[in-house]
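Colleague: Please take a close look at the side-chain pairing in this model. Give me the geometry of each pair you discuss, and how covered its partners are.

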Amino acid sequence: MAPFSGWGAVAATAILWLFWSLLIGALANQLPDRLLGGRDPCRADHPGAAPLRFYERWLGIRIWKPWIPDAGNALPGGIRKGSLARRDPRALQRLSLETRRAELVHWVLWPAWMVTTLWLPPSGVLINLIFATLFNLPCLLLQRYNRLRLGRTLSRALRSHHPNKRPSTGA
C-alpha cells in the first residue's frame with residue numbers, strides 16, 4: 001500500500017516538486033562557473049549543434065518563447081536570461097554560462113517524477129511524467145536556442161572589439 005492517498009498524495013507530490021525545484025536551483029546557483037564551461041553542444045562549430053533556423057522554423061520557438069517564465073534572478077546572484085542590456089563580451093559570456101546553468105537545472109529536475117512511483121498509482125505517475133516533460137523540455141530547448149543566439153552575438157561583439165582576431169566564443 002502506498003504511504004499517501006487522496007489529498008495526501010497530491011500534497012506530497014506538490015511538496016516534492018517545490019522542494020526539488022528549490023534545492024536544485026539553489027545548488028546550481030552555487031556551482032562555480034568553471035564547472036559550466038567546457039565543450040558546449042550549442043556552439044555553432046559543435047557537430048551536434050542544431051542551427052537557429054531549426055529552432056525557429058521547425059519548433060516555432062519565437063512563438064512560444066515569450067510564455068516561458070524566466071526565473072534566472074529568483075536566487076541571489078542569478079541573472080535574467082532575457083537581459084541583454086549590455087552587449088559587451090563579458091556580459092554575453094556570463095549570460096551564456098547562466099543558460100548552461102539553467103539547462104543543467106532542468107535536466108536534473110526532469111526525472112523527479114520517478115520518485116512519485118513511491119506513493120502514486122500508475123496514472124498519477126504518468127501525469128507527473130507528462131508534467132515534468134511539459135515543464136522542462138521547453139525550457140531546455142529555450143536555453144539551447146538562447147545560447148546559439150548568444151554565441152552569434154558574442155562572435156560579433158568580439159570582432160568589433162578585436163577586428164583582426166578570430167573569436168573563440170566559448171558560448
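Modeller: Burial first. A residue is buried under 20% relative accessible area, exposed over 50%, and partly exposed in between, with a 1.4 Å probe and protein chains only. Accessible areas come from the Shrake-Rupley method with that 1.4 Å probe, and for residues only the protein chains shown count as cover. The model is predicted, so local features need pLDDT of at least 70 and side-chain atom pairs pLDDT 80 or more, whereas totals for chains, interfaces and linings use all residues. Residues are numbered from 1 along each chain as its sequence is written, and side-chain values use heavy atoms, leaving out hydrogens and water.

Next, the frame. Helices (DSSP H or I runs, at least four residues) and strands (E runs, at least two) are numbered from the N terminus. The protein chain has six helices and zero strands. Of its 171 residues, 37% are buried. Its exposed area is about 10800 Å², with 65% supplied by carbon and sulfur atoms. A contact means heavy atoms within 4.5 Å. Among the contacts with a separation of 6 or more, 71% join residues 24 or more positions apart.

Now the rings. Rings of Phe, Tyr and Trp (its six-membered ring) pair if their centres lie within 6.5 Å; planes under 30 degrees apart are stacked, over 60 edge-to-face, and the rest tilted. The whole structure yields five aromatic pairs. One of them joins Trp107 and Trp110, which are stacked at 5.8 Å centre to centre with 20 degrees between the planes. The two partners differ in cover. Trp107 has 44% relative accessibility, so it is partly exposed. Trp110 has 17%, so it is buried.

Phe131 and Phe135 make a stacked pair, because their centres are 5.8 Å apart and their planes meet at 15 degrees. Both lie in helix α6 (residues 122–161), four residues apart, which puts about one helical turn between them. Phe131 is partly exposed at 40% relative accessibility. Phe135 is partly exposed too, at 37%. Trp17 joins Phe131 and Phe135 in one aromatic cluster.

Trp17 brings in helix α1, where it is buried along with residues that include Leu16, Ile24 and Ala28. This helix covers residues 7–30. The expected span of a helix is 1.5 Å times one less than its number of residues. For the 24 residues of α1 that gives 34 Å, and the end C-alpha atoms are 35 Å apart, which agrees. Helix α1 also holds Leu27, which is exposed at 51%. Leu27 shares a nonpolar surface patch of about 410 Å² with Ile15, Phe19 and Leu23. Patches take residues with over 30% relative accessible area and no salt bridge, joining like charges within 9 Å and nonpolar side chains (Val, Leu, Ile, Met, Phe, Trp, Tyr) within 5 Å.

Then the charges. A salt bridge is a side-chain nitrogen of Lys or Arg within 4 Å of a carboxyl oxygen of Asp or Glu. The structure holds six. Glu56 and Arg62 form one of them, at 3.3 Å from N to O. Glu56 is partly exposed at 27%, and Arg62 is exposed at 53%.

Arg101 deserves its own look. It sits in helix α5 (residues 89–109). At 7% relative accessibility, Arg101 is buried. Its salt bridge to Glu98 has its closest N and O atoms 3.2 Å apart. The two residues lie three apart in α5, about one turn of the helix. Glu98 is buried, as is Arg101. Beyond its neighbours within four places in sequence, Arg101 contacts Ala28, Asn29, Leu31, Asp33 and Leu36. Two of those names, Ala28 and Asn29, are buried residues of α1. Arg101 also lies 9.2 Å from Gln143, C-alpha to C-alpha, though 42 residues separate them in sequence.

Last, Glu103 and Arg147. Their salt bridge brings the closest N and O atoms to 2.6 Å. This pair links distant parts of the chain, with Glu103 in α5 and Arg147 in α6, 44 residues apart. Both partners are buried. As for shared partners, salt bridges connect Asp33, Arg94, Glu98 and Arg101 into one network.
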